[in-house]
Amino acid sequence: MTGTSELDRFGRHVVVIGGCGHVGLPLAIAFAGRGARVGIYDVSESSVEMVNAGRMPFAEPGATEVLGQVVAAGLLEASTDPAIVSSAEHVVVVIGTPVDEHLNPDQAAIPNALGGCTEYLRDGQLLILRSTVYPGVTALVEKMVAGFGRAIEVAFCPERIAEGKAMTELFELPQIVSARSAVALERASAVHQVRHREPALHDGERPGA
């Protein structure tokens, strides 16, 4: 996913915005279970507390044991502090399908999802939109990020998992990644390939160095 120098620079491989929900948390657990250092930003204090205690805020078969292991190993941490967004090279934004009450494209959905996180975005990060969005959203986000004065690549990966099957489908379904630049495409493809590695944790063991 990254070299040692990048991990030293950022501290974490991935941070998931909106990461305590049915889409974001299984994804965060999947990354951490493969040895990535993962952060979660979520506004729900109760969900963050449960995740940091190694407990699932909702039922998802196969997730509870892995969550307990990765939290105990120090590979996954959740926070209500948006500053955690600055700690990872890859920022995954998990949002629902961005439409308004009339099912028209809602151009405010992405900025709203980023919320108070924008000031914590850093040069060199890759911003990955994980949702089902309408055409043109990636370009819209690129323009928005450029307005922040940050050198950040943007990519898109549609969400395809079903609740109750996330911990299976995250590893079995092919990941469709797209981006408007070759660099963003290569980086996004590489980060999602991490989930196809062998698990870093077995029977409660901590990962090696």
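How many salt bridges does the structure hold? The structure holds 3 of them, and each is taken up below, after a look at the model as a whole. The model is a predicted one, and the protein in it has 8 helices and 7 strands. Of its 209 residues, 46% count as buried. Among contacts between residues at least 6 apart in sequence, 75% join residues that are at least 24 apart.

A good place to begin is the pair of helices α2, which covers residues 24-33, and α4, which covers residues 64-72, since their axes come within 9 Å and cross at roughly 60°. That angle makes α2 oblique to α4, and the crossing of the two helices is left-handed. On the side of α2 the contact is made by I29, A32 and G33, while α4 contributes V66, L67 and V70. Sorted by class, the residues in this contact of α2 with α4 are 5 nonpolar and 1 polar, with no charged residues.

Helix α4 can be followed further, because L67, Q69, V70 and V71 are its buried residues, each having under 20% relative accessible area. What covers these buried residues of α4 includes α2, as well as α3 (45-52) and strand β3. Just after α4, the chain reaches G74, which takes a positive phi of about 75°.

Strand β3 leads on to the salt bridges. Side chains of opposite charge can pair when their charged atoms come close. In one such pair, the side chains of E77 and R12 meet in a salt bridge, with a distance of 2.5 Å from N to O. This pair links distant parts of the chain, for E77 lies in strand β3 (residues 76-79) and R12 in strand β1 (residues 12-17), with their positions 65 residues apart in the numbering. The two partners can be described by their accessibility: E77, at 39% relative accessibility, counts as partly exposed, whereas R12, at 16%, counts as buried.

Another salt bridge joins the side chains of E89 and R187, with 3.2 Å from N to O. Because E89 lies in strand β4 (residues 88-94) and R187 in helix α8 (residues 182-193), the pair ties together parts that are 98 residues apart in sequence. With a relative accessibility of 7%, E89 counts as buried.

The remaining salt bridge is formed by R180 with E142, and the closest N and O atoms of this pair are 2.6 Å apart. Here too distant parts of the chain are linked, since R180 sits in the loop between β7 (178-179) and α8, and E142 sits in helix α6 (residues 137-147), 38 residues apart. R180 is exposed, with a relative accessible area of 58%, while E142 is partly exposed, with a relative accessible area of 21%.

A last stop is the loop between β2 (38-41) and α3, where V43 is found. Is V43 buried or exposed? At 67% relative accessibility, V43 counts as exposed. Along the chain V43 and I17 are 26 residues apart, and their C-alpha atoms are separated by 9.3 Å.

Note on methods. Residues numbered from 1 in each chain as written. Predicted model: local features only at pLDDT ≥ 70, side-chain atom pairs only at ≥ 80, totals over all residues. Heavy atoms only, no water. Axes fitted to C-alpha atoms, helices over the stretch in contact; angles between N-to-C directions. Helix = DSSP H or I, 4+ residues; strand = E, 2+ residues; numbered from the N terminus. Parallel < 35°, antiparallel > 145°, perpendicular 65-115°, else oblique. Left-handed = near helix turned anticlockwise from the far one by under 90°. Contact = heavy atoms within 4.5 Å. Nonpolar A, V, L, I, M, F, W, Y, C, P; charged D, E, K, R; others polar. Salt bridge = Lys/Arg side-chain N within 4 Å of Asp/Glu carboxyl O. Buried < 20%, exposed > 50% of the residue type's maximum accessible area, 1.4 Å probe, protein only.
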